[in-house]
Amino acid sequence: DVAVMVVNATTGEFEAGFEAGGQTREHALLVRSLGVSQLVVAVNKLDTVDWAKERFDTIAAKLRLFLTKQAGFREADLTFLPCSGLTGENLTSAPTAAALAAWYSGPSLVAAIDSLRSPDRAMDRPFRLSIADIYKGQAAGFSVAGRLESGFLTMGDKVLISPLNEICTVKSVVVDQVAGWTGFAGDHATVGLVGPDMAGVVA
């Protein structure tokens, strides 16, 4: 639903993660492709550069440009904040380090997380699951994994697979690796199905 991305402010470390092939870019694109729209960017280890405002501003500017122009985030849904995991600075309360408090007056990491909006759940709409993976199950049938975009799903339900246009029966529902009876909009679920041939669904 939401994400916190931690980037390393140490000289050379941010650049290694952000340049072509770096994991910072990959992680940002991955969370956006999963439907995450709100992102808190924690610029960590800023104590290693003596809480330099210029370093924070440089990192924030580069990331803001990438996140809005290439990854598809809205400017209003991005929050940038400086912190240090080692010293605990600006994690749960306002900064106490004089060098940081001199120029930063925004929220702490916990406060920024608490201010994120709760996502709307499309519970009253028809069931829809975006399939991200499909594989042969251990028992009869096959399993599909993906995000429930709307509605809900219960064991025993009959569902329509598109564009195959075939009906199948839900034999199992696993949400966050916990087997249960039901999955709701917003859940990432693995659903066991029986009915049509798996090869036809894959094709």
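Ser 172 has its place in strand β8, which covers residues 166–175. Please note from the outset that the structure before us is a predicted model. Is Ser 172 buried, partly exposed or exposed? Ser 172 has a relative accessible area of 29%, and because the partly exposed class lies between 20% and 50%, Ser 172 is counted as partly exposed.

Let us look at the surroundings of this serine. If we leave aside the neighbours within four places in sequence, Ser 172 is in contact with Met 155, Thr 190, Val 191 and Gly 192. There is also a pairing in space to point out: Val 144 is 28 residues from Ser 172 in sequence, and the two C-alpha atoms are 10 Å apart.

A related pairing involves Ser 143. This residue is found in strand β5, residues 142–150. The C-alpha atoms of Ser 143 and Val 170 are 9.5 Å apart in space, while 27 residues separate the two in sequence. Ser 143 has a relative accessible area of 11%, so it is classed as buried.

I now turn to the protein as a whole. How many helices and strands are there in the protein? There are six helices and 11 strands. Taken along the principal axes, the C-alpha atoms fill a box of roughly 65 × 35 × 30 Å. The radius of gyration is 22 Å, whereas a compact globule of 203 residues would have one near 17 Å.

Of the 203 residues, 38% count as buried. The protein exposes about 11,400 Å², and carbon and sulfur atoms supply 54% of that area. As for charge, there are 17 positive and 22 negative side chains, and the centres of these two sets lie 5 Å apart. Among the contacts with a separation of 6 or more, 61% are between residues 24 or more positions apart.

Next, the interior. Which residues touch the most other members of the largest nonpolar core? In this core of 34 residues, they are Val 41, Leu 63 and Leu 67. Two or more residues of the core come from each of these elements: β1 (2–8), α1 (13–18), β2, α3 (53–69), β3 (78–82) and α5 (109–114). The largest share, six residues, is given by α3.

Val 41 deserves a separate word. Residues up to four places away in sequence are not counted here, and Val 41 then touches Met 5, Val 7, Leu 63, Leu 67, Thr 79, Phe 80 and Leu 81. A second, separate core has 15 residues, among them Leu 129, Val 175, Val 191 and Leu 193. Val 191 has already appeared in this talk, as one of the contacts of Ser 172.

Let us move to Ala 3, which is found in strand β1. Ala 3 is buried, with a relative accessible area of 14%. Which residues does Ala 3 touch, not counting those up to four places away in sequence? They are Val 31, Val 36, Gln 38, Leu 39 and Val 40. Along the chain, Ala 3 and Ile 113 are 110 residues apart, yet 8.9 Å separates their C-alpha atoms.

Strand β2, residues 38–44, is the place of Asn 44. With a relative accessible area of 16%, Asn 44 is buried. Why is it placed in that class? The reason is that buried means under 20% relative accessible area, and the 16% of Asn 44 meets that condition. Beyond its neighbours within four places in sequence, Asn 44 is in contact with Val 6, Val 7, Asn 8, Ala 9, Cys 83, Ser 84 and Gly 85.

Finally, I would draw your attention to two residues in loops. Trp 51 lies in the loop between β2 and α3. Although Trp 51 is not a glycine, its phi is positive, at about 55 degrees. Trp 51 is buried, with a relative accessible area of 10%.

The other is Asn 90, in the loop between β3 and α4 (98–101). Is Asn 90 buried or exposed? Asn 90 is buried, and its relative accessible area is 1%. Its phi is near 65 degrees, which is again a positive value in a residue other than glycine.

Technical notes. Residues are numbered from 1 along each chain as its sequence is written. This is a predicted model: local features need pLDDT of at least 70, side-chain atom pairs count only at pLDDT 80 or more; totals for chains, interfaces and linings use all residues. Side-chain values use heavy atoms; hydrogens and water are left out. Helices (H or I, at least four residues) and strands (E, at least two) are DSSP runs, numbered from the N terminus. Buried means under 20% relative accessible area, exposed over 50%, partly exposed in between (1.4 Å probe, protein chains only). Contact means heavy atoms within 4.5 Å. A nonpolar core is a set of buried Ala, Val, Leu, Ile, Met, Phe, Trp, Tyr and Cys residues joined through side-chain atoms within 4.5 Å. The radius of gyration is taken over C-alpha atoms; the globule rule is 2.2 Å times the number of residues to the power 0.38. Accessible areas come from the Shrake-Rupley method with a 1.4 Å probe; for residues, only the protein chains shown count as cover. Lys and Arg count as positive and Asp and Glu as negative; His and the chain ends are not counted. The place of a charge is taken as NZ of Lys, CZ of Arg, CG of Asp or CD of Glu.
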